[in-house]
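These are my notebook entries on one structure. I record below what I looked up, one topic at a time.

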Amino acid sequence: MLQSITIFIILLGLAPLLAGAIPLFFMEREKRCLGLLYVSGFLLLLACFQLIGVPIVFKNPWGFKPIVRIYSANIIGLCVIGILLVLVERFRKKRTFFPEQSRAVNPEQSWVWVVEWALVLGLIGFQLWMAFSKASFDGDDAYYVVMSLLTDETDTLYRIKPYTGLSTYLDYRHSMAVFPIWIAYIARVTGIHTTIVCHTFLPFVLIPMTYWIYYEIGKSLLGKGSKNLPAFLILVNLCQIFGNTSIYTNATFLLTRTWQGKSVLANLIIPTLFCIFLWMFQENTEQKSEGKFGNAGLWLLLFLLNIVAAMTSTASVFLMSLTIALMALCLSITYKNYHLLWKFALTCLPCVGYGLLYLSI
């Protein structure tokens, strides 16, 4: 078991940190931080799995073993590239990969901040403990978790009905959202049962990452040194903890269906989309870049986000595209910069492409 946990930490802890240097290398150095490094690497690795997995799902009914081999080599390659880029930054550009930060502490507010941030961490820790100790099962487990289990045990890809165990034709509805196949990959490489991966291990990755996104949103809205930032996160925590007003709220999905693709879409992908928009607005305001909105790293991150969105749920095909289109239209009119339309349109190509593929089959 210790070996399995070690592999899990390397796969979902160390690998995203190393691969995340690739998107951040094209981003302004002032925006780089450890949290953004991890999220960027996580999105990059998931996007690569989507690009590898979907063609194999369509072409090879027993293609899980090739996915495991190709994707494992892909992870190693991306980590090596990330390390090389960090070394380039260090020795060629003669600077560290992350900016040096000096944080001044206001003595009058230090004790208040300690209490508030301790409460934030305590609330997040409470949710993690409840997700770990009070595993919640629902009807969707009979499909998504079982699909991951069938993939790991039979090496088939969407060719067995989870409800009956009988062979079937390719499930076109779910075949392009390969998030359950990714979970099966985690189970195969680590040796941990897929049910345990879903209900026990993944919440420790996805829930903290979700709150880091809200932390970045709070920094953009309130300011990095704002005294109201921990209060904002406390409010977000309380909304999530007491958000089980129905089985359809995003809070319900975050804490009881953390491992499902639609939960990742609602709680991680869409908040990250708004976070990227806020970063672009902030960059445009601070640098007075006349509506250029974002450096290459932010555009790359937005492109990767669309690929990962298609991996989590087919609903992302219209949700992501419509949200980005609406934002692009508002920005182009506000700043009279209609070149933004084609830039945002390019980032939507993954979702649009998968949508057209779905309609054609």
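**Charges over rings.** I looked up Arg257 and found its charged end over the ring of Phe253, at 4.5 Å from the ring centre. I noted that the model is a predicted one, and I keep this in mind for every entry. I then turned to Arg90, which lies over the face of Phe91, 5.7 Å from the centre of that ring.

**Aromatic pairs.** I asked how many aromatic pairs the structure holds. I recorded 16 of them. One is formed by Tyr143 and Tyr144, whose rings meet edge-to-face, with 5.3 Å from centre to centre and 80° between the planes. The angle earns this label because planes over 60 degrees apart count as edge-to-face. I also checked the surroundings of these two residues: Tyr143 is buried, and Tyr144 is buried as well. In addition, I listed one aromatic cluster, formed by Tyr38, Phe42, Phe179 and Trp182.

**The largest nonpolar core.** I asked which residues have the most contacts inside the largest nonpolar core. They are Phe42, Trp182 and Phe344, in a core of 108 residues. Helix H3, residues 34-59, gives the most to this core, namely 16 residues. I then followed Trp182 and set aside its neighbours within four places in sequence. Trp182 is in contact with Leu12, Phe42, Leu46, Phe49, Tyr71, Leu202 and Met311. Phe42 thus appears both in this contact list and in the aromatic cluster with Trp182.

**Helix H16.** I looked up Phe344 in helix H16, which spans residues 339-347. Leu340, Phe344 and Thr347 are buried there. These residues lie on the same side of H16, because they cover an arc of only 50° around the axis.

**Asn306.** I next examined Asn306, found in helix H14, residues 296-312. Is Asn306 buried or exposed? Asn306 counts as buried because its relative accessibility is 0%. Its side chain reaches the backbone oxygen of Thr347 at 3.1 Å. Not counting residues up to four places away in sequence, Asn306 touches Met320, Ile324, Thr347, Cys348, Pro350 and Cys351.

**Glu216.** I placed Glu216 in helix H10, residues 203-222. Its relative accessibility is 5%, so Glu216 counts as buried, the limit for buried being under 20%. The side chain of Glu216 makes a polar contact with the side chain of Lys219, at 3.2 Å. With neighbours within four places in sequence left aside, Glu216 is in contact with Cys33, Cys275 and Trp279.

**Leu24.** I located Leu24 in helix H2, residues 21-25. Leu24 counts as buried because its relative accessibility is 0%. I recorded what Leu24 touches, not counting residues up to four places away in sequence: Arg32, Cys33, Leu36, Leu37, Ser40, Phe97 and Phe98. Cys33 is thus among the contacts of Leu24, and Cys33 is also among those of Glu216. I also looked up Leu24 and Leu85, which are 61 residues apart in sequence, with 9.6 Å between their C-alpha atoms.

**Ile83.** My last entry concerns Ile83, in helix H4, residues 64-92. Ile83 counts as partly exposed because its relative accessibility is 39%. The C-alpha atoms of Ile83 and Leu18 are separated by 6.3 Å, while the two residues are 65 residues apart along the chain.

Methods:
Residues are numbered from 1 along each chain as its sequence is written. This is a predicted model: local features need pLDDT of at least 70, side-chain atom pairs count only at pLDDT 80 or more; totals for chains, interfaces and linings use all residues. Side-chain values use heavy atoms; hydrogens and water are left out. Helices (H or I, at least four residues) and strands (E, at least two) are DSSP runs, numbered from the N terminus. Buried means under 20% relative accessible area, exposed over 50%, partly exposed in between (1.4 Å probe, protein chains only). A polar contact is a pair of N or O atoms within 3.5 Å; within protein, one must be able to donate a hydrogen and the other to accept it, and residues adjacent in sequence count only if both atoms are side-chain atoms. Contact means heavy atoms within 4.5 Å. The arc is that of the directions from the helix axis to the C-beta atoms. Rings of Phe, Tyr and Trp (its six-membered ring) pair if their centres lie within 6.5 Å; planes under 30 degrees apart count as stacked, over 60 as edge-to-face and the rest as tilted. A charge sits over a ring if NZ of Lys or CZ of Arg is within 6 Å of the ring centre and within 35 degrees of the ring normal. A nonpolar core is a set of buried Ala, Val, Leu, Ile, Met, Phe, Trp, Tyr and Cys residues joined through side-chain atoms within 4.5 Å.
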